[in-house]
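Please open the structure in a viewer and keep the selection tool at hand. The tour proceeds by selections, each followed by a description of what is found there.

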Amino acid sequence: MSKSESLSIIKLAERITTEAEAYKMLEDMRWGEDLSRQSCPKCASVRKFYFIKPKEGETRKTNRGTATQRRRWKCADCRHQFSVLTGTIFHGTHISVRKWLFVIFEMCASKNGISAREIERKYELTAKSAWFMTHRIREAMKREPLAGLLANTTVVADETFIGGKPKNKHRQGRPARLGGRGPGGTVGKTAVLSLVDKSSGEVRSRVVPDVSGDTLKEAIADQVDTPSSHLHTDGWLGYRKLGRDFESHEYVDHSTYEYVRGDVSTNQAENYFSQLKRGLDGTHHHVSTKHLHRYLAEFDFRYTTRTVSDTERMRKLVDQTQGRRLSWKPVTER
Ligand SMILES: [Zn+2]
């Protein structure tokens, strides 16, 4: 698949009519058309790989005795055998690679996300398979573990509350004074802090226990090199003290209807939150606090890559599938 090719679900369906074609596309996306980016999932060597020719024809038998189009290579350094699925989110899957690629495309291309229920219906999967599949894909959407701090930039910080009936409320629930719990109440809601890097457009969201100054300070210091960066927020008192750690801190005062002053605003974060809430309300209906961080990874990923094509976003995701294995246990355990 060429870099510039723009994919639609129809084009994707035409490109991968067989499982063999789906494998080829996944190999192209992960390793390049000439396999030049192939690396050993065991020893990380990139030196030399031997293609293991199937004994007869194109297919081989899996451990369970079924025919598969999966192609295998052997690492010249550690003799480990692997396929394009080894050590990735696809590892050990019983679902066809075709279905994986369709679901990945849909999750990359739809702004509000796609529910496990819809995937179950569309792709004739069990509820459990569909649900686990979406969480594995979210695992690949997570930021690179070594992504490092946001630095030498302007960061917009803002928080919101997720959950609560009848609709997710923004702001109303925030206590009037620092650490307090005013009328409207934040009980039963989960606080989310989002940081938007104004230069790169990258967003980083996380669940926070509360929105007190101390909590925000810690969560922000974890993500941002504060001395080299500027901070833009609203007038929330929780930001005042930690703002001094930044090169500068400017805020707009929403209580006096000030939303933009020069280049200072929290609009990027507000836009992100409305997208997130549309997705959580409209598509996913109810997301438990326990799984919220996975959905944040999904919405962060799409927002951060919003200026690239759906194809490029899909390629980026496939790039991040290695080393992101997710077992059933952490998803289901309480
Ligand atoms: Zn190796």
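Begin with the largest nonpolar core of this predicted model. This core has 64 residues. Select Leu26, Leu101, Ile104, Ile137, Val155, Ala157 and Leu195, which have the most contacts inside the core. Next, add helix α3, residues 97-109, to the selection; this helix gives the core its largest share, eight residues. Colour domain 1 (9-141 + 320-332) and domain 2 (154-287) separately: both give residues to the core, so the core lies between them.

Remain for a moment at Ile104. Which residues does Ile104 touch, if residues up to four places away in sequence are not counted? They are Ile137, Met314 and Leu317.

**The whole chain**

Now select the entire chain, which has 334 residues. Its secondary structure comes to eleven helices and twelve strands. Of the residues, 33% count as buried. Among contacts with a separation of 6 or more, 66% are between residues 24 or more positions apart.

**The sheet of five strands**

Select strands β8, β7, β6, β9 and β10. In this order they form an open sheet, and the pairing is mixed. The strands at the edges are β8 (203-208) and β10 (248-252); each has a single partner strand, so one side of each is left without a neighbour in the sheet. Neighbouring strands of this sheet are turned against each other by 25° on average, with direction ignored.

Narrow the selection to β9, residues 230-234. Is this strand largely enclosed or largely open to the outside? Four of its five residues are buried, so β9 is largely enclosed by the rest of the structure. On one pairing, β9 and β10 run parallel and are joined over five bridges. Display Leu231 with His249, its bridge partner in β10, and then His232 with Glu250, its bridge partner in β10. The pairing of β9 with β6 is also parallel, with three bridges. Here Val155 stands opposite Leu231 of β9; Val155 was one of the core residues selected at the start of the tour. While the strands are displayed, a general point may be kept in mind: in a regular strand, side chains alternate between the two faces of the sheet.

Then add helix α9, residues 289-304. This helix lies across β6 (154-162), β7 (190-197) and β8, and runs at about 170° to β8.

**The sheet of three strands**

Select β1, β4 and β5. These three strands form an open sheet in the order β1-β4-β5, and their pairing is antiparallel. The edge strands, β1 (49-52) and β5 (81-82), each pair on one side only. Between β1 and β4 (residues 72-75) there are four bridges. Show Phe51 together with Trp73, its bridge partner in β4.

**Individual loop residues**

Select Leu35, in the loop between α2 (19-31) and β1. Leu35 has a positive phi of about 60°, although it is not a glycine. With 14 C-beta neighbours inside 10 Å, Leu35 counts as partly exposed.

Proceed to Asn152, in the loop between α5 (127-141) and β6. Asn152 also is not a glycine, and has a positive phi of about 50°. Asn152 has 12 C-beta neighbours inside 10 Å and therefore counts as exposed.

The next residue is His94, in the loop between β5 and α3. With 8 C-beta neighbours inside 10 Å, His94 counts as exposed. Add Ser129 to the selection: His94 and Ser129 are 35 residues apart in sequence, and 9.1 Å apart in space from C-alpha to C-alpha.

**Confidence along the chain**

Finally, colour the chain by pLDDT. The average is 88, and 88% of the residues score at least 70. Which value does the pLDDT stay below over residues 166-184? Over this stretch the pLDDT is below 50, although the stretch has 30 contacts in the model beyond near neighbours in sequence. Where pLDDT is low, the predicted coordinates should not be read in detail.

Conventions. Residues numbered from 1 in each chain as written. Predicted model: local features only at pLDDT ≥ 70, side-chain atom pairs only at ≥ 80, totals over all residues. Pairing = 2+ DSSP bridges. Helix = DSSP H or I, 4+ residues; strand = E, 2+ residues; numbered from the N terminus. Buried ≥ 20, exposed ≤ 12 C-beta atoms within 10 Å, placed from the backbone. Contact = placed C-beta atoms within 7 Å. Axes fitted to C-alpha atoms, helices over the stretch in contact; angles between N-to-C directions. Core = buried A, V, L, I, M, F, W, Y, C linked by C-beta atoms within 7 Å. Domains from an automatic or database assignment. pLDDT = per-residue confidence, 0-100.
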